[in-house]
Structure formats: C-alpha cells, structure tokens
Amino acid sequence: MAINPRQDREKGLHDRLIELFRNFHQHPELSFQEGKTASFISGSLRDLGFRVTEKIGQTGIVAVLEGKKPGPVIALRADMDALPIEEETGLSYGSRIEGRMHACGHDVHMTCALGAAMILSKETNEMKGSLVLIFQPAEEINLGAKAMIEDGLFEKFSIDMIFGLHNQPDIPSGKIALREGGLMAAVDRIEISITGKGGHGGVPHRNIDPIVATGSVIMNLQSIVSRNVNPIDAAVISLGTLQGGTANNVIPDRIEMTGTVRTFEPEVRNMMEPQIRQVVENSAAAFGCRGILNYIYQLPAVMNPPEPTRIVHTAASKVVGENNVVDPTPSTGGEDFSLFQEKVAGCFFWLGVGNPDKGAVHPWHSPKFTIDEDALIIGAKVLAETVRQAMEQLS
Ligand code: NI
C-alpha cells in the first residue's frame, strides 16, 4: 500500500488533538484556578518555539511566535475555565475531578488553539508577521478578559487583529457558523429594591405593601421588550431572584430582586437602563412605595465587523468548503471576547461540534454536554488558515 505523507501527517495531528482534548477534559479547573492547565499549555507552547509570558490576568498566558517576514500581529484567543458541574456523560475520559466539568467546551477551544500553534510553528520561515496566542482564564464569570486587559495585554502586545471560536453543539460537526454583526448578546445585571412600610397582614390600610407593588413592577418590566424595543431588534429582561418577607401574616418592609438583561444593538442596550428605571420607580410609586434600580453593565455584545469576518469566511471556506460555512441564529448567551473586540478589530465564530450519531446533542452547561471529536482538527485548521489569511491581507 502506498503511503501518502500528507494523509499520514493529518492522521497524526487528528490523533494528537484528540489526546490533548481528552487530557484537558479529564482535568477541569474553575475560573482563575486554571494553574495546572496553564502550566501544561505554557510548556507545550515553549516546546513549539513560542515565547511565553505567564500570569497575565492571574492565570492567563500570552505566547508569541515570530515569523521571519514582516507583517501584522494576529492574535488567537482561547478560554481555559471549566464549570462547577458534576459530569454525567459516562465517557471513558470523563472529568476526574468531582463536581467540575468542562461543560462549555473550553477544552475544545484550548485544543484548537494548540492545534493551530502546531500547524503554524512549522511555517515561521514563510510567516508574514507574528502570531500571539491568548489563553484566557475565567470566561464563565465574565472576569478573565477584563483581568488580562487590565494587566496590560494590549499595551504589552501590539495586536492588530484578534480571532476566537466557540464550539456550538447546535451546529453539525463539519460546519463553521459565522456572521457579520451581533453573534452573542450584551449581558447586564439588574438589582431592584421595592420599599414600603411593613406591618400586620390583617391591617393593610395601615401599611404600604411592597409585595403588591412588586407584582406590578414585574409585569410592567415585560412591557419594555414588547412596547419600547423595535420589534425587529432582540432583547430579553429576565428576573432570576426575588426575596422578601418572613411570615405569612406580616407585610414586609422591602422586596429585593435581581435579573439579567440581554441585547445586541448598542442603541437597544442604551435605552434599557432608563426604561427599566422608569418602570421600577413609577410602578412602585403608584403604590406609595420607593423603587430603586441598580443597573450594572457587564459585557457588550460580540459584534463582528466586516473585515475580520470576511477573513474568517475565506479561511473557513478553504477548510470546510463554502457550503459548510453557515449563517447562524445569534445566541442570547454572552461572551467576554467582546471586551477584546472593543480594543481591536476581531471576529468570533462558532465551530460546529454537534453529531446525534455520537450523542453530541446536549447544550452548553449541561452535565451531559459532549462534542464530536472530529471537529477538533477542523477548528485547528480554520484558526491556522485565518491567521494566514489575516497576515496576507493586512501585510
Ligand atoms: Ni463558553
């Protein structure tokens, strides 16, 4: 049988990536505790010839590979943290740490970025510019990108363009999902308190009942999305906690609630705080109560500008064929990659990892979340090709 060296190399990379992925999957670490993961990655990148800087944003890593030819600085970002979830996949390579699991597939992202590093480390003679690999901690708690930026990521490394991917079990393995504009939502936190005057439940006329006022606030909040947001745009206001009261026959002084607000377009995001404040204050006031809103801006939306999106489109088309580059429905989940996009042009896209034949059907953060491992080499190749295309186009 004839030996095809190219096929052989591909098989080697495919097997190596699965091995890396399973190793990451077995050893999940929580946000800002990714020490073992980070030191493994640092060692691997040094072996590939990268200059590695550790502890940027606590456990974050930045690694640089310089090409022999002049050109732009192109960054790839992967996140490293796992979740406090007890794995229920039954996989032979399931988590070895109780109560922790790579249930959002950040093990996929690390594997694909390392795969791209392996591919590109063999091409430095031809490479026009430098590759910067960013391994970010604590994406799950929305603090990792912020920590790296505050630690001087963009001052220490003059990055021209940044790219990143997230696995997506809703998209079949073999496909890349990519769109210009909003891909993942802006995420904000709301804290609301409604204060009245507590007293005996049998004599409501002597008190000011914050519970009835709260009912009105809750219902009126839902009218913002239906009455104030342009119906063509998307927005979500969800309350997640509601606390107050101590006894069935006592009207409490105060009710407290927290919630999440998701939007895409900046103008929709900007109207949320004043609209919610108006509803909270005035609905409460209609019952003689005092409503107070604390609006906490957490993450902007992942918004892909045209130029880097075109670059990924070209790269992905080369790897999986243009027919397999699909336009997805955006997600109302958030991603702190958006903070990097506020600093430099960049594109974030989804790697299809779904495959019903292999049981890869469960969503992010499910204890049964799994992926089709055949997608790993696709992710690595698309990232590597994206870097090549970006270097070519920005040179
Ligand atoms: Ni994630």
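The paragraphs below lead through a predicted model, going from a metal site to a sheet with its helices, then to a further helix, a loop residue and the aromatic side chains.

A good place to begin is the nickel ion, which is coordinated by the SG atom of Cys104 and by the NE2 atoms of His106 and His166, at 2.2 to 2.4 Å. Along the sequence, these donor residues follow the spacing C-x1-H-x59-H. Cys104 and His166 link distant parts of the chain, for Cys104 sits in the loop between β3 (69-79) and α3 (106-121), whereas His166 belongs to strand β5, 62 residues apart from Cys104. Both Cys104 and His166 are buried.

From the metal site the reader may turn to an open sheet, which is formed by four strands in the order β10-β12-β8-β13 with antiparallel pairing. The edges of this sheet are taken by β10 (235-243) and β13 (290-299), and each of these has a single partner strand, so one side of each is left without a neighbour in the sheet. On average, and with direction ignored, neighbouring strands of the sheet are turned by 20° against each other. Within the sheet, strand β8 (residues 186-195) pairs with strand β12 (residues 254-263) in the antiparallel sense over ten bridges, and Glu191 is found opposite Thr258 of β12. Helix α6 (residues 210-227) packs on the sheet, where it touches β8, β10 and β12, and the direction of α6 makes about 165° with that of β10. Helix α7 (residues 266-285), for its part, lies across β8, β10, β12 and β13, and runs at about 160° to β13.

Helix α8 (residues 306-320) allows a simple check of its geometry: its 15 residues, at 1.5 Å a residue, should span 21 Å, and because its end C-alpha atoms are indeed 21 Å apart, the expectation and the model agree. The buried residues of this helix are Pro308, Thr309, Ile311, Val312, Ala315, Ala316, Ser317 and Val320. These buried residues pack against several elements, namely the strands β5 (161-172), β6 (176-177), β14 (302-304), β15 (325-326) and β16 (345-354), together with helix α10 (375-394). Just after α8 comes Gly321, which takes a positive phi of about 90°.

Strands β5 and β6 also frame the next residue to consider, since the loop between them holds Lys175. Is Lys175 buried or partly exposed? With a relative accessible area of 24%, Lys175 is partly exposed, because buried would require a value under 20%. When its neighbours within four places in sequence are left aside, Lys175 is in contact with Asn323, Asn324, Val326, Trp350, Leu351 and Gly352. Of these contacts, Leu351 is 176 residues from Lys175 in sequence, yet the two are 6.7 Å apart in space, C-alpha to C-alpha.

Aromatic side chains complete the tour, and the structure holds seven aromatic pairs. One of them joins Phe21 and Tyr93 in an edge-to-face arrangement, with 6.0 Å from centre to centre and 70° between the planes. This pair links distant parts of the chain, as Phe21 lies in helix α1 (residues 5-26) and Tyr93 in the loop between β3 and α3, 72 residues apart. Phe21 and Tyr93 are both buried. Elsewhere, one aromatic cluster is formed by Phe154, Phe337, Phe340 and Phe348.

How values were computed:
Residues are numbered from 1 along each chain as its sequence is written. This is a predicted model: local features need pLDDT of at least 70, side-chain atom pairs count only at pLDDT 80 or more; totals for chains, interfaces and linings use all residues. Side-chain values use heavy atoms; hydrogens and water are left out. Helices (H or I, at least four residues) and strands (E, at least two) are DSSP runs, numbered from the N terminus. The expected span of a helix is 1.5 Å times one less than its number of residues. Buried means under 20% relative accessible area, exposed over 50%, partly exposed in between (1.4 Å probe, protein chains only). Contact means heavy atoms within 4.5 Å. Donors are N, O and S atoms within 2.8 Å of the metal (3.2 Å for Na, K and Ca); water is not among the atoms, so sites may look incomplete. Two strands pair if DSSP finds at least two bridges between them. Axes are lines fitted to C-alpha atoms, for helices over the stretch in contact, and angles run from 0 to 180 degrees between N-to-C directions. Rings of Phe, Tyr and Trp (its six-membered ring) pair if their centres lie within 6.5 Å; planes under 30 degrees apart count as stacked, over 60 as edge-to-face and the rest as tilted.
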